[in-house]
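Q: I am new to this structure and would like some help reading it. Could we go through it one feature at a time?

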Amino acid sequence: MLEETFPLSSKMRISVDHEKLENFSQNQVRFYLKYSSFVFRALRKPSFQKFLSWMLKKETIEEQTVRAVHVKVLPLRKNGKGIAGKCDTVRGRIRIYPKTTKFCQTFKQKFGRDTLLVYAGNRARVALIHELLHLKYIADEKTVRALAEDYFCIFTQKQSAQSAPSLFIYTMIFDAKISGKKVPPSVSSNPSIRLKLNETCLRASGVFK
Ligand SMILES: [Zn+2]
């Protein structure tokens, strides 16, 4: 029944490049399998699927343009940087990639497991929003980035997620680089961040219902 209501959900699957598996240890593979199934569930949650349907409609992106969304098990690095997502705009195929085990270990030590889960889920959500927008704005990275930020903001606000942890995660995804730099723990209660968030949301026209 959910599949009927949210067609995007039925186009999603977990995908692994078997030939790349040998580059990873057993523990790493186990970790990435868990990561991908977690992200898969996070992306298919009805609340998020409902939001995506609304966003696609608002952006007049036909749902049929999206042919497949692959949640990749193994991470992808390009020029030393981790890739969050990719979009083949010709084929309408989107790929979502995980953070590395190394990043997750460091993150978990600093902020704990629960925060890591929230971060991983939201990073994937932002990546999917971003790649979906590429189907319309193709190579206009600037517009895609600005809109993705606006839309994610609308989504989190709707989730009654004006709670501190979500703001904290929002800040981490959009404003701060975690690796090498410490995110001050006070960031979640920093009023200027809240202000910035509100401004961002105001900029996004229309309210998600
Ligand atoms: Zn992009």
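A: Gladly! Let's begin with a definition: two strands pair if DSSP finds at least two bridges between them. Keep in mind as we go that this is a predicted model.

Q: Which residue in strand 6 is the bridge partner of V69?
A: The bridge partner of V69 there is I94. This belongs to the pairing of strand 2 with strand 6 (residues 93–96), which is parallel and has four bridges. Between these two strands, H70 stands opposite R95.

Q: Which strand does strand 1 join, and in what sense, parallel or antiparallel?
A: Strand 1 (residues 12–15) is joined to strand 2 by four bridges, and the two run parallel. As an example to look for, I14 has V71 of strand 2 as its bridge partner.

Q: And in what sense do strand 5 and strand 6 pair, parallel or antiparallel?
A: Here the sense is antiparallel: strand 5 (residues 85–88) meets strand 6 over four bridges. On that side, G85 has I96 as its bridge partner. Strand 5 and strand 6 form a hairpin with four residues between the strands, and in this hairpin G92 takes a positive phi near 70 degrees.

Q: How do I read burial along a strand? Are the residues of strand 2 buried or exposed?
A: The cut-off to remember is that buried means under 20% relative accessible area. Strand 2 (residues 68–72) is mostly covered, with five of its five residues buried. Look at the directions too: A68, H70 and K72 point one way, V69 and V71 point the other way, and all are buried.

Q: Which side chains of strand 6 are buried?
A: Strand 6 shows an alternation: I94 and I96 are buried and point to one face, whereas R93 and R95 point to the other face and are not buried.

Q: Now for empty spaces. How many cavities of 30 Å³ or more are there?
A: A cavity is a space where a probe fits but cannot get out. The count here is two. Let's take the second largest, with a volume of about 40 Å³.

Q: Which residues line the second largest cavity?
A: The lining is made of Y35, V39, V71, K72, I96, Y97, P98 and A124. Helix 3 and strand 2 each provide at least two of these residues. Sorted by class, the lining has seven nonpolar residues, no polar ones and one charged.

Q: What is the volume of the second largest pocket?
A: A pocket, unlike a cavity, is an open set of points. The volume of the second largest pocket is about 400 Å³. It is lined by 14 residues, of which F31, K34, R113, L116 and L117 are the closest to its centre. Helix 3 (26–44), helix 5 (101–111) and helix 6 (113–137) are the elements that each give two or more residues to this lining.

Q: Which element gives the largest share of the lining of the second largest pocket?
A: Helix 3 does, with six residues. By class, the lining of this pocket divides into seven nonpolar, three polar and four charged residues.

Q: Which atoms coordinate the zinc ion?
A: To read a metal site, find the donor atoms and then look at the angles among them. The zinc ion is coordinated by NE2 of H130, NE2 of H134 and two OE donors from E141, at 2.0 to 2.5 Å. The angles among the four donor atoms run from 54 to 131 degrees, and the site is irregular.

Q: How are the donors of the zinc ion spaced along the chain?
A: They follow the spacing H-x3-H-x6-E. Because H130 and H134 are four residues apart in helix 6, about one helical turn separates them. H130 counts as buried because its relative accessibility is 14%. H134 is buried as well, with a relative accessible area of 8%.

Q: What is worth knowing about phi?
A: Most residues other than glycine have a negative phi. N79 is not a glycine, yet it has a positive phi of about 50 degrees. N79 is in the loop between strand 3 (77–78) and strand 4 (81–82), and it is exposed, with a relative accessible area of 79%.

Q: Where is I138?
A: I138 is in the loop between helix 6 and helix 7 (141–158). Its phi is near 35 degrees, a positive value in a residue other than glycine. At 43% relative accessibility, I138 counts as partly exposed.

Methods:
Residues are numbered from 1 along each chain as its sequence is written. This is a predicted model: local features need pLDDT of at least 70, side-chain atom pairs count only at pLDDT 80 or more; totals for chains, interfaces and linings use all residues. Side-chain values use heavy atoms; hydrogens and water are left out. On a 1 Å grid over the protein atoms alone, a cavity is a set of points where a 1.4 Å probe fits but cannot get out, and a pocket is an open set with protein on both sides within 12 Å along at least five of seven lines; lining residues have an atom within 4 Å of a point. Grid points are joined across faces, edges and corners, and a volume is the space filled by probe spheres set on the points. Ala, Val, Leu, Ile, Met, Phe, Trp, Tyr, Cys and Pro count as nonpolar, Asp, Glu, Lys and Arg as charged, and the others, Gly among them, as polar. Donors are N, O and S atoms within 2.8 Å of the metal (3.2 Å for Na, K and Ca); water is not among the atoms, so sites may look incomplete. Four donors count as tetrahedral if all angles lie between 85 and 135 degrees; four count as square planar and six as octahedral if opposite donors are over 155 degrees apart and all others between 65 and 115; anything else is irregular. Buried means under 20% relative accessible area, exposed over 50%, partly exposed in between (1.4 Å probe, protein chains only).
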